[in-house]
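Please open the model in your viewer and keep a selection tool at hand. The tour below goes from the whole chain to single side chains.

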Amino acid sequence: MTIIYESEHRLARHLSTLLGEAVVVPTAEALVEQINADRDEQLVVFGPNVPLHDALVFAEQCRLRRPHLGVLLLRSDLDVNVLADALKAGVREVVDPSDHAAVLAAAGRSHDLSRQLLGAANSRATGRAAVPSAPVSAAPDDLVEGQVITVFAAKGGCGKSTIATNLAITLAQGDKASGRRRVCLIDLDLAFGDVAIMMQLAPHRTIADAIPVADRLDETGLRTLFTRYESGGAAVDVLLAPVQPAIAEEVTRDLITEIIHMARGMYDFVVIDTASAFTEQMLAALDATHHYVLVGTPELPSLKNLRVTLDMFELLDYRREARTIVLNRADSKVGLSMTEVEKVIRVPIAGFIPSSRDVPISANRGQPLCAAQPQHPVSSAIRDLAVKRFLGTATPAKRGIFARKKG
Ligand SMILES: Nc1ncnc2c1ncn2[C@@H]1O[C@H](COP(=O)(O)OP(=O)(O)OP(=O)(O)O)[C@@H](O)[C@H]1O
Ligand SMILES: [Mg+2]
């Protein structure tokens, strides 16, 4: 079905006749209600009288949370800036409403793409039990939940846990515009998780405690499994990895999907630290993720693995715009130059984190740098990344889809 969002009554009716099988909504609120009521909606057409900002914010949020929902924008006078902004936000096409053939063709193309995306998601669901677009419980407000950020690298030891812990703290500190954020950190390096040590947390409760209650875990139960970290003006709820490596195998992909899905409804950000492997467990996490932070260091083996990861992400259909490439120990003297690095990985790097002996020192002390030394160059680099990629764009959970405009 197609949804037409247009406030001008006659034009809305006209578009509806043109597109067939369409629902017309006159306001942003009615639009949100309509798409929350039906997860399988595939196309929203923004009429020429809808404010551009509404369309862009909507497209941006859908791209992350409902990639199969296409957005078309109808604009009579189209300038290059509008087109660039629209495409950047994830609008599939911008079309002149008076060109009926073009509107119909664009709607057709969008439906085709949505069907393909849904097909890919469903075939993955059959192979791997659950995907984010088929949530555990089809929560009607899935468009207003928290953002899942997974820190991943196919090669071990390149700084995933350092980045995940510090990123979680930075996000919890928030920014001036909207204050502190509710953040949880999940250590999915199930066999050898370091988060407890890095944040000096006693692992009295871990994800292993969720295994016996997996089939009846609810938000209240999940809350009891978190260990609270508080320091440097940040509070982060941490779900620690099992103490016994052997238990790792008992954490099923379904349990991981369920936990992430539940956490999304409880926090503004869910940050996930991972193990360096494409296991079923990691794929469950990657499938349920909105943003991928992919880490590499400026050495050939690490970069080769980063390139392989990117190729793997293509195969798995993980969206390109959801990937953030971070180069850790970027200034390392023994490393390659930036030009050489970008030549190997063939994608631009979004964040550069310097090398510093304070990083291992802080890990040994169990005091992440972003909390203990917020002005440290490593903390600043992680903060810049958080502001640029997440704090500046993401909407706090449990606010409306047009929250940025109102808030
Ligand atoms: N920017 C940095 N400067 C100096 N040392 C760093 C930096 N980032 C990470 N390290 C050090 O490198 C080692 C590996 O870092 P970390 O544990 O964060 O990586 P990881 O990818 O999580 O590793 P694993 O795959 O083993 O889980 C640690 O000793 C850490 O202190
Ligand atoms: Mg680690």
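The stops below take in the whole chain, one strand, one loop residue and a set of salt bridges.

**Whole chain**

Begin with everything shown as a cartoon, and keep in mind that this is a predicted model. The chain has 16 helices and 13 strands. Colour the residues by accessibility next: 55% of the 407 residues count as buried. If you display the surface, its accessible area is about 17400 Å², and carbon and sulfur atoms supply 53% of that area. Contacts can be sorted by distance along the sequence. Among those with a separation of 6 or more, 73% join residues that are 24 or more positions apart.

**Strand 10**

Select residues 269-273, which make up strand 10. How many of its five residues are buried? Five of the five are. Turn the strand to look at each face: F269, V271 and D273 lie on one side, V270 and I272 lie on the other, and both faces are covered.

Now add the strands that pair with strand 10. Strand 6, residues 147-152, pairs with strand 10 in the parallel sense over five bridges. Strand 7, residues 183-187, also runs parallel to strand 10 and is paired with it over five bridges. Zoom in on D273 to see where these pairings meet. D273 is the bridge partner of V151, and D273 is also the bridge partner of D187.

**A210 and its surroundings**

Go to A210, in the loop between helix 7 (195-198) and helix 8 (219-225). Is A210 buried or exposed? A210 counts as buried because its relative accessibility is 0%, and the cut-off for buried is under 20%. Show the residues around A210 as sticks. Leaving aside residues up to four places away in sequence, A210 touches L217, L225, L255 and I259. For a distance label, pick the C-alpha atoms of A210 and I256: they are 9.8 Å apart in space, while the two residues are 46 apart in sequence.

**Salt bridges**

Side chains of opposite charge can pair when their charged atoms come close. A search of the whole structure gives eleven salt bridges; three of them are visited here.

Select D237 and R228 first. Their side chains form a salt bridge with an N to O distance of 2.9 Å. D237 is buried at 11% relative accessibility, whereas R228 is partly exposed at 48%.

Move on to helix 11, residues 300-316, and pick R307 and D311. The two residues are four apart, about one turn of the helix. Their side chains meet in a salt bridge, 2.5 Å from N to O. Which of these side chains belongs to a buried residue? R307 does, at 14% relative accessibility. D311 is partly exposed, with 34%.

Finish with E314 and R323. The closest N and O atoms of this salt bridge are 3.2 Å apart. E314 is partly exposed at 33% relative accessibility, and R323 is buried at 12%. Add R320 to the selection: salt bridges with shared partners join E314, R320 and R323 into one network.

Note on methods. Residues numbered from 1 in each chain as written. Chains lettered and ligands numbered in written order. Predicted model: local features only at pLDDT ≥ 70, side-chain atom pairs only at ≥ 80, totals over all residues. Heavy atoms only, no water. Salt bridge = Lys/Arg side-chain N within 4 Å of Asp/Glu carboxyl O. Buried < 20%, exposed > 50% of the residue type's maximum accessible area, 1.4 Å probe, protein only. Pairing = 2+ DSSP bridges. Contact = heavy atoms within 4.5 Å. Areas by Shrake-Rupley, 256 points an atom, 1.4 Å probe, with all protein chains shown as cover.
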